[in-house]
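Q: I am new to this structure and would like a close look at a single part of it. Please start with one loop and then follow the chain into what comes after it.

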Amino acid sequence: MSSATYSFLSQTVMLTGVHDFPDNNLKSLKNPTVFQIAKANNYRTFAIDLQGAMPNVIIRKQDLNYIDELKINWTEFSRETKTADIFAAKYLRDLLAHEKGLFVVLCKWGAHTPYEMRYPNDEAQYQHYLPKLRLTEAHSPSNRRKIVNSYKNAVRFNIDGFFAALFDDDPNFITQALISKAR
């Protein structure tokens, strides 16, 4: 769940637990991260950052010593940004189905602007909120309603699509994977 209005602060909170901003005492650089804690508890660690590149402002350089597998860009999963989260969910499903003792941090590509490029906006099944912005239309005050609807379509695709791919029509998958693969 997002704890701020942009990825850097949200991911800092998730990885370090620091939530006091501005972070004048640099606690986010001093606190152990979830990767360090997971490795100390003998988990195999995965970091998947679909928005990322290295060097990365979210994953600390020293954290690389605590990450067993790093996938740092959406291009490792898809040819298009709009389907990267879906293919990452399928990858995660396969991991959870076949391995135990995993700790995974997945930072999705998500529903960033331009929203009309974050879901298959030309397919009727993903056009839940209309009118929506077309790819050729400008993000301007006169298109506010269309922008909001494009945003809502993108969020719905990114949430529903991600969990549909992760669960693969089996709502008990996560529970079963966690219990049957428990350490």
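A: A residue is called buried under 20% relative accessible area, exposed over 50%, and partly exposed in between (1.4 Å probe, protein chains only). This is a predicted model, where local features need pLDDT of at least 70 and side-chain atom pairs count only at pLDDT 80 or more, while totals for chains, interfaces and linings use all residues. Residues are numbered from 1 along each chain as its sequence is written, and side-chain values use heavy atoms, with hydrogens and water left out.

Let's begin at P114, in the loop between β3 (102–107) and α5 (helices, H or I of at least four residues, and strands, E of at least two, are DSSP runs numbered from the N terminus). With a relative accessible area of 28%, P114 is partly exposed. A cis peptide bond, with omega about 0 degrees, joins T113 to P114. The loop between β3 and α5 also holds P131, and the bond from L130 to P131 is cis too, its omega near 0 degrees. In general, most peptide bonds are trans. P114 and L133 are 19 residues apart in sequence, yet their C-alpha atoms are 9.6 Å apart in space.

Now for the helix after the loop. α4 and α5 pack at about 25 degrees, with axes 7 Å apart (lines fitted to C-alpha atoms over the stretch in contact, with angles from 0 to 180 degrees between N-to-C directions). That angle makes α4 roughly parallel to α5, because under 35 degrees counts as roughly parallel, over 145 as roughly antiparallel, 65 to 115 as roughly perpendicular and the rest as oblique. Residues in α4 that meet α5 include K82, D85 and I86, and those on the α5 side include F157, N158 and G161 (contact means heavy atoms within 4.5 Å). The residues of this contact divide into 8 nonpolar, 2 polar and 4 charged (Ala, Val, Leu, Ile, Met, Phe, Trp, Tyr, Cys and Pro are nonpolar; Asp, Glu, Lys and Arg are charged; the others, Gly among them, are polar).

A89 touches F162, A165 and L166, not counting residues up to four places away in sequence. In the largest nonpolar core, of 18 residues, A89, L96, L102 and L166 touch the most other members (such a core is a set of buried Ala, Val, Leu, Ile, Met, Phe, Trp, Tyr and Cys residues joined through side-chain atoms within 4.5 Å). α4 (81–98), α5 (144–167) and α6 (173–180) each give two or more residues to this core, and α5 gives the most, with 6.
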